[in-house]
Amino acid sequence: MAEGAQADALVLFGASGDLARKKVLPALYNLVRHDRLRVPVVGVGRTEWGDADLVAHAEEGARAYGNGFDPATFARLARLLSYVQGDYNDPAVFHQLHAKLEGPRNPVYYLAVPPSLFAVVVGGLKASGCADRGRVVVEKPFGRDLASAHELNVALHDVFAERDVFRIDHYLGKEAVLNLLYVRFANSFLEPIWNRDHVGSIQVTLAESFGVEGRGSFYEEVGALRDVVENHLFNVVAMLAMEPPTSTEHDAMRDRIASVLECVRPLTPHDLVRGQFVGYRDEAGVAPDSDVETYVAVRLHIDNWRWAGVPILIRAGKRLPVTATEVQVELKPPPVEVFGDEAARHPNWVRFRLSPDTTTGIGAWAKQPGDDMAGRLTELKVTANDPDQQTAYERLLAEALEGDATLFAREDGVEAAWRVVDPILDDHPPAIPYEPGTWGPEQARRLTAADHWHDPL
Ligand code: BG6
C-alpha cells in the first residue's frame with residue numbers, strides 16, 4: 001500500500017478480547033469524538049457473536065476506558081462496527097472478510113491477538129487475497145528473544161512489505177515521550193551539554209504500585225525485562241540519546257532510533273539485578289517456585305562518541321511505592337568548588353516526568369538570601385496536562401490509518417533491542433525477593449555510580 005495512503009477500512013482481529021475492549025475500541029471511540037474516524041470497522045474474533053455483541057463490547061470499553069462517555073458519539077461509532085466470527089485457522093473466515101472488504105482498497109489489519117497467532121492471521125490474509133492491499137498493525141511482544149523476533153519479521157515480510165508493517169509500542173505515542181523529544185530538539189540550550197562531557201549519568205524509572213492484576217500466566221511468560229524494558233524503556237532511552245532526525249520523513253526518526261540502539265552494548269549478568277515481590281508466587285497462573293522477575297534494574301552503555309562512559313540506568317517494577325515514570329539526566333558537578341562542596345553532592349539535573357503527568361524540570365542551585373554564599377536546590381519546571389489529551393493508542397491508531405509510520409517500531413530497531421538483552425534472557429542471577437511497597441532489592445544500588453537511585457514521587 002502506498003506510503004501515506006489514507007486507509008478506508010479497519011479490520012480488528014481479536015475484537016472480542018481484552019486488549020480490544022480496554023485499548024483499541026476506546027481509542028476508536030475517542031477518534032470518533034475528535035471526528036477522526038469515518039471508515040467501517042470490521043471486528044474479527046473467535047467468540048460466537050453478532051454485530052450487536054461487538055457494539056456492546058465496544059460500549060463497555062468506551063464507558064470504562066474512553067475519555068468521558070457520550071451516547072450520541074458512541075452511536076456514531078456503533079454505526080461503523082460489524083463482526084465476522086470464526087477460527088483463524090479456517091479459511092472461511094478470511095473469505096467472509098474478503099467479501100466484506102469488496103469496496104475498500106486500503107484496509108488496515110490490526111492484530112490484537114496473541115503473538116502465536118500473528119503468522120496464522122497474516123497467512124490467512126495472504127491466502128484469501130486480503131493482503132494484496134492494506135497494511136498490518138501488530139502489538140508487542142515482537143518475539144521473546146532475538147531469534148523469535150527475527151522469525152516473526154520473516155513471517156510478516158512473507159506477506160507484507162516492511163513499509164506496511166506497523167509495530168505498536170504505545171510508549172512511542174505518549175504525549176510525554178514526544179515532549180521529551182521536542183524539548184531536546186526544539187531548544188538550543190540542551191544540545192551543547194547533552195553528551196559525555198557534561199552528563200554524569202541517566203536514570204529511567206518505571207514504577208508501578210500495583211501487581212500483575214490477574215495477568216499471572218501472561219507475566220510468567222514475559223517478566224519485567226521483556227514486558228516493559230526491552231521495548232518501552234529502550235525506546236525512551238533512544239529518544240534521550242539519539243542524534244537529531246535529519247528530516248520529517250517517516251524513516252528519519254526510525255533511522256536515528258535504530259542507530260543508537262545498535263550502539264548499546266549487549267548486557268552481561270553483571271549489569272543486571274532481578275527482583276520478585278513477596279506474594280507474586282501466590283498469584284493465579286504463577287508457578288509456586290517461579291523465578292520470573294517483577295522488578296529489574298539494568299546498567300546500559302552506549303558505545304558511541306556522544307555517550308561513551310555515561311552509565312544509563314533503567315529500572316522497572318511492580319508493587320513499588322508509587323506509580324510514576326521518570327527520566328533523570330544528572331549533569332556533572334562544577335569543575336571547581338567556589339562556594340563549598342554542596343553543589344558537587346547534588347549536581348544539576350534535567351528531569352522528564354512521563355507519567356502520571358508530563359513535567360520537564362531543571363534542577364539548579366540558587367543563593368539562599370543572607371550573609372553566606374550558601375545555596376538551596378530548586379527546580380525550574382513546567383507541567384503540561386490536558387485532561388482531554390489524546391491517548392497513545394488514539395494517536396497511533398490515527399497514524400496507522402493515515403499511513404504515517406514515524407512512531408512505529410521498525411524491524412532493525414526491534415532486532416537491535418533484542419540483541420542487547422539476548423545474552424541475559426537465560427543467563428541471569430536469580431530474582432531477589434522484595435517486600436511490596438519498597439523500591440525493590442537493595443542490591444540494585446550497586447549498579448549506580450553514586451549508590452543512589454532517583455525515586456520519582
Ligand atoms: C504494558 C505492560 O505494555 O505497559 C504492562 O504489559 C504495563 O505490564 C504497561 O503496566 C505500562 O504502560 P503505561 O502506559 O501504563 O505506563
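**Figure 1. Strands β7 and β11 pair in the antiparallel sense over 8 bridges.** This view, like those that follow, is taken from a predicted model. Within the pairing of β7 with β11, V199 has L331 of β11 as its bridge partner. Strand β7, which covers residues 199–207, also pairs with β10, in this case in the parallel sense and over 6 bridges. On that side I202 stands opposite I312 in β10. Because 8 of the 9 residues of β7 are buried, the strand is largely enclosed by the rest of the structure.

**Figure 2. Helix α7 runs from residue 175 to residue 186.** With 12 residues at 1.5 Å a residue, α7 should span 16 Å, and the 15 Å between its end C-alpha atoms agrees with that expectation. The buried residues of α7 include A176, V177 and L178, and L180, L181, V183 and R184 of this helix are buried as well. The cover over these buried residues includes the helices α8, α9 and α11 together with the strands β11, β12 and β13.

**Figure 3. Helix α9 has buried residues whose cover includes α7, α8 and α12.** The buried residues of α9 are H250, A252, M253, R254, I257, A258, V260 and L261. The helix has 13 residues, which at 1.5 Å a residue should span 18 Å, and its end C-alpha atoms are 19 Å apart, in agreement with that value.

**Figure 4. Two cis peptide bonds are shown, one between K140 and P141 and one between S355 and P356.** Most peptide bonds are trans, which is why a cis bond is worth pointing out. At the bond joining K140 and P141, omega is about 0 degrees, and P141 lies in the loop between β5 and α6. At the bond joining S355 and P356, omega is about 5 degrees, and P356 is found in the loop between β12 and β13.

**Figure 5. E213 and R319 each have a positive phi.** Most residues other than glycine have a negative phi. For E213, in the loop between β7 and α8, phi is near 50 degrees, and the residue counts as exposed because its relative accessibility is 59%, where the cut-off is over 50%. For R319, in the loop between β10 and β11, phi is near 55 degrees, and its relative accessibility of 30% means that it counts as partly exposed.

**Figure 6. A131 is a buried residue in a loop.** The loop that holds A131 lies between α5 and β5, and the residue counts as buried because its relative accessibility is 12%, where the cut-off is under 20%. Leaving aside neighbours within four places in sequence, A131 is in contact with Y109, L125, K126, V159 and F160. By contrast, A131 and P311 are 45 Å apart in space, C-alpha to C-alpha, and 180 residues apart in sequence.

**Figure 7. V336, V338, F339 and M373 make a nonpolar patch on the surface.** The area of this patch is about 450 Å². One of its members, M373, has its place in the loop between β13, which covers residues 358–367, and β14, which covers residues 375–384.

Terms used. Residues are numbered from 1 along each chain as its sequence is written. This is a predicted model: local features need pLDDT of at least 70, side-chain atom pairs count only at pLDDT 80 or more; totals for chains, interfaces and linings use all residues. Side-chain values use heavy atoms; hydrogens and water are left out. Patches are made of residues with over 30% relative accessible area and no salt bridge: like charges are joined within 9 Å, nonpolar side chains (Val, Leu, Ile, Met, Phe, Trp, Tyr) within 5 Å. Accessible areas come from the Shrake-Rupley method with a 1.4 Å probe; for residues, only the protein chains shown count as cover. A salt bridge is a side-chain nitrogen of Lys or Arg within 4 Å of a carboxyl oxygen of Asp or Glu. Helices (H or I, at least four residues) and strands (E, at least two) are DSSP runs, numbered from the N terminus. The expected span of a helix is 1.5 Å times one less than its number of residues. Buried means under 20% relative accessible area, exposed over 50%, partly exposed in between (1.4 Å probe, protein chains only). Contact means heavy atoms within 4.5 Å. Two strands pair if DSSP finds at least two bridges between them.
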